[in-house]
Amino acid sequence: MSIIGLDLAGVENRPTGFCILTNKKVNTCIVFADKEIIQRIDQIKPCLIAIDAPLCLPPGRKSIEERTNVHLRECDRELLKIGIKLFPITLGPMRKLTVRGIALKEILEGKKLKVIEVYPGGAQDVLGIPRKQKGLDKLRVGLEKLGLEGLNSQMSDHELDAVTCAYVGKLLLEGKALKHGAVGQEIILPKDRRSPKKILK
């Protein structure tokens, strides 16, 4: 069975990284429109879809447009506590990504597919591999050291983050990942391999 990783863009005219992970072999591409994403997923029939995008709103909010002083979810606060930086999902460009992510999740779950929220930058921190900002070659080598096959130097940052998403999905299925946040509103991360000093830094 295959796992899909999606590094979702906030809008359809920007590139979304798409990864198919089967055992340890990755196959990636760039996609754009929701229709294209859904068509590819329909063809693959994955056992799990791991998406880098907020898939729920902060508690009490009925829409992203609603003005409240609540900007963080429980899962966001838990990540901040262990030293993983993130952007509040209600601010700036995260707003469009949140709306798109929630809508896509609803469509996919309507097809009886399992969807989880992941955060590749946080996963890379936990796994001890460089984020894309440190250089794509370093990120790719870090992913290869995890045993993933099929990576190459032509892959974009979106594709490498999609690979990370799919890998986190694989870890979850293997019982090697943790759910952070309230039930039904979790971010999934690998079990932490960092030392306590690094976690609390």
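**View 1. Helices α4 and α6 pack at an angle of about 65°.** In this predicted model, the axes of α4 and α6 lie 9 Å apart. An angle of 65 to 115 degrees counts as roughly perpendicular, so that is the word for how α4 and α6 sit relative to each other. The crossing of α4 past α6 is left-handed. Want to find the meeting point? On the α4 side, look for Pro120, Ala123, Gln124 and Leu127. Across from them, α6 brings Asp161, Thr164, Cys165, Tyr167, Val168 and Leu171.

**View 2. Here's the largest nonpolar core, with 37 residues.** Val26, Leu143, Leu148, Leu151 and Leu189 are the ones with the most contacts inside this core. Several elements chip in two or more residues each, among them the strands β2 (16–22), β4 (48–51), β5 (115–118) and β7 (187–190). The helices α2 (74–81), α4 (120–127), α5 (136–144) and α6 (157–173) do so too. Helix α6 hands over the largest share, nine residues.

**View 3. Zoom in on Leu143 and the residues it touches.** Leaving aside residues up to four places away in sequence, Leu143 touches Ile129, Leu148, Leu151, Leu160, Val163 and Thr164. Two of these, Leu148 and Leu151, are listed along with Leu143 among the residues with the most contacts inside the largest core.

**View 4. A second core, separate from the one above, has 20 residues.** Ile4, Ile37, Ile89 and Leu104 are included in this second core.

**View 5. Helices α1 (residues 34–44) and α3 (residues 94–110) pack at an angle of about 35°.** Their axes are 12 Å apart, and α1 passes α3 in a right-handed crossing. From α1, the contact is made by Asp34, Ile37, Ile38 and Ile41. From α3, it's made by Arg100, Leu104, Ile107 and Leu108. You've met Ile37 and Leu104 already, as members of the second core.

**View 6. Asn23 sits in the loop between β2 and β3 (25–31).** Is Asn23 buried or exposed? Its relative accessibility is 61%, and exposed means over 50%, so Asn23 counts as exposed. Look for Ser2 here as well: Asn23 and Ser2 are 21 residues apart along the chain, yet 7.4 Å separates their C-alpha atoms.

**View 7. How confident is the prediction along the chain?** The protein averages a pLDDT of 93, and 96% of the residues score at least 70. Take more care with residues 195–201, where the pLDDT is below 50. Beyond near neighbours in sequence, that stretch has five contacts in the model.

Definitions and conventions. Residues numbered from 1 in each chain as written. Predicted model: local features only at pLDDT ≥ 70, side-chain atom pairs only at ≥ 80, totals over all residues. Heavy atoms only, no water. pLDDT = per-residue confidence, 0-100. Contact = heavy atoms within 4.5 Å. Core = buried A, V, L, I, M, F, W, Y, C linked by side-chain atoms within 4.5 Å. Buried < 20%, exposed > 50% of the residue type's maximum accessible area, 1.4 Å probe, protein only. Helix = DSSP H or I, 4+ residues; strand = E, 2+ residues; numbered from the N terminus. Axes fitted to C-alpha atoms, helices over the stretch in contact; angles between N-to-C directions. Parallel < 35°, antiparallel > 145°, perpendicular 65-115°, else oblique. Left-handed = near helix turned anticlockwise from the far one by under 90°.
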